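Subject: Structure handover and what was found in it

Dear colleague,

I am passing on a structure for you to look through at your own pace. Please open it first, and then read the notes underneath with the model beside you.

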Amino acid sequence: MKLAVIGCGYVGLVSGSCLAEAGHDVVATDNDASRIATLQAGKIPIYEPNLDKVLEAVVREGRLRFTADCAEAVRGADIIFICVGTPPTESGAADLSAIDNVARLIAKESRSPKLVIEKSTVPAQTGEQLKRALQVYARDAGAKFRVASNPEFLREGTAVEDFFHPDRIVIGVEDKESEQQLREVYRPILEGKFRCPVHQPDCPPAATPDFVVTTIASAELIKHASNSFLALKISYANVLADLCERLGGNVDEVTRAVGLDPRIGGQFLKAGLGFGGFCLPKDVQAFIKLADSAGIDFGLLKETERVNKQRVDQLLDKVKKALWVMKEKQIGVLGIAFKPNTDDIRLAPAVEVIRRLLAEGAVVRATDPEAMTRARLALPSVHYSADPYEIARGADALLLLTEWEQYRRLDWKQIRVEMARALVIDARNMLRPAEMKALGFEYISFGRPDQVGVTVMQ
Ligand code: UGA
């Protein structure tokens, strides 16, 4: 099938490459000509594990190509995936101007029937607006448009595996033909026979995903509802952590046992610094706005957002309590990305923590396996080093802000030797309190015993 992908960000690049790997003929385009030039030169502008392998293979085999000529991409395709950004406006609602621009471009350039699919996260009813824009701006009598929604559930850091082994594929359609076309697009994955190129030989075969066919409005809502529910779970775990600190429980024990109930599930109950990134925070905000505009007060989500915003305050309280005076204190930071296995620092809690430490007059040194290039631009007054031991050298405190697996395996004995004061504040509950204490650290985390300043109710 001839597919066009408009927008070469995280979603567009992963979807375009994987759809090509699944056997389709894909042209990807973006209005950022320098991004296209980078991709045409064989460089990938983002860090996403395994994307390089897939992309390199499909480009080499001629199944995926990049063009800065959006019109050409549109004209040659039967199916067009819109993967442009929908960043938040000042009010928190999603900015749909990029979708609107693409709709007008598709309408203007199309000379034959197209199935136009919204893959970007958009508020409910965007499909209606998209359909209208396509009709109103169409120039050629041969250009007939059908619209569908096909939200993505890819996680940064595991997006390639997620694409090939999804739990579900959701499509919102208005007619049988669109459903059939989308079934055909995903057939290799739905049949479960297709082996993802990053699949290890000893991995169990992936379960066949559910293919969920809904209305367009439902599909749009499913995406918002999924991300918002994940955010709600995280905030719930974080309030439990606060309670554990007051009442003497251990949040890891509590959430583990709670999550064993299949009605609840154990994932996304990890307490700590809260959720960041360019999806959960903005999707929660946009869903609240959408509900407000529909006359529904989504108080649950407002509280989810409030709890999340407080996590950085809670961490800084812990740091201040331990360090007393912040001015000129040497603080080392391990991890800047919003989560491990990505170089993405958008709305990363670590960035906010570092900004606040700098504002208090602390001297901050930081490291991250992938995010330092982006961090240097966002936080130029931080001292960076690729070497975690150098970050620890002479530090009054070491803050673990992103749970990269390699930080667990550091030689913590050596870290202690390097530090001016052996104080570790683990904002992701990654390390074991007893082990850290045994190594001679003052160790602070969220909602677990053996912390500085825990007040146990009598
Ligand atoms: C999220 C969703 O998980 C994807 O399904 C969705 O497709 C994607 O948004 C999107 O809308 O495009 P992502 O933003 O990559 O994916 O990140 P998550 O893995 O959801 O993590 C989000 C944040 O929550 C991170 O900062 C992470 O550290 C935090 N988190 C996650 C916790 O604090 N505790 C947890 O238990 C889990």
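The notes below turn to one pocket and then to three pairs of helices.

Please keep in mind as you read that this is a predicted model, and that the values given here were computed from it.

I begin with the second largest pocket, whose volume comes to about 860 Å³. Its lining is made up of 35 residues, and those that lie nearest the centre of the pocket are G9, Y10, C83, V84 and G85. Helix 1 (10-21), helix 5 (97-109) and helix 11 (280-293) are the elements that each give two or more residues to this lining, and the largest share, four residues, is the contribution of helix 5. If you sort the lining residues of this second largest pocket by character, you will find 17 nonpolar, eight polar and ten charged. Both domain 1 (2-214) and domain 2 (230-444) take part in the lining, with at least three residues drawn from each of them.

The second topic is how helices pack against each other. Two packed helices are described by the angle between their axes together with the distance between those axes.

Helix 1, which you have already met in the lining of the pocket, also packs with helix 3 (residues 51-60), and their axes come within 9 Å and cross at roughly 55°. That angle makes helix 1 oblique to helix 3, and the crossing of these two helices is left-handed.

Helix 11, another of the elements that line the pocket, packs with helix 12 (residues 299-323) at an angle of about 150°, and their axes are 9 Å apart. Because angles over 145 degrees count as roughly antiparallel, helix 11 is described as roughly antiparallel to helix 12. Helix 11 passes helix 12 in a left-handed crossing.

In the last pair, helix 9 (residues 216-247) and helix 10 (residues 251-259) pack at an angle of about 135°, with 9 Å between their axes. This makes helix 9 oblique to helix 10, and their crossing is right-handed.

With best wishes

Conventions
Residues are numbered from 1 along each chain as its sequence is written. This is a predicted model: local features need pLDDT of at least 70, side-chain atom pairs count only at pLDDT 80 or more; totals for chains, interfaces and linings use all residues. Side-chain values use heavy atoms; hydrogens and water are left out. On a 1 Å grid over the protein atoms alone, a cavity is a set of points where a 1.4 Å probe fits but cannot get out, and a pocket is an open set with protein on both sides within 12 Å along at least five of seven lines; lining residues have an atom within 4 Å of a point. Grid points are joined across faces, edges and corners, and a volume is the space filled by probe spheres set on the points. Ala, Val, Leu, Ile, Met, Phe, Trp, Tyr, Cys and Pro count as nonpolar, Asp, Glu, Lys and Arg as charged, and the others, Gly among them, as polar. Domain bounds come from an automatic or database domain assignment. Axes are lines fitted to C-alpha atoms, for helices over the stretch in contact, and angles run from 0 to 180 degrees between N-to-C directions. Angles under 35 degrees count as roughly parallel, over 145 as roughly antiparallel, 65 to 115 as roughly perpendicular and the rest as oblique. A crossing is left-handed if the near helix is turned anticlockwise from the far one by less than a right angle, and right-handed if clockwise.
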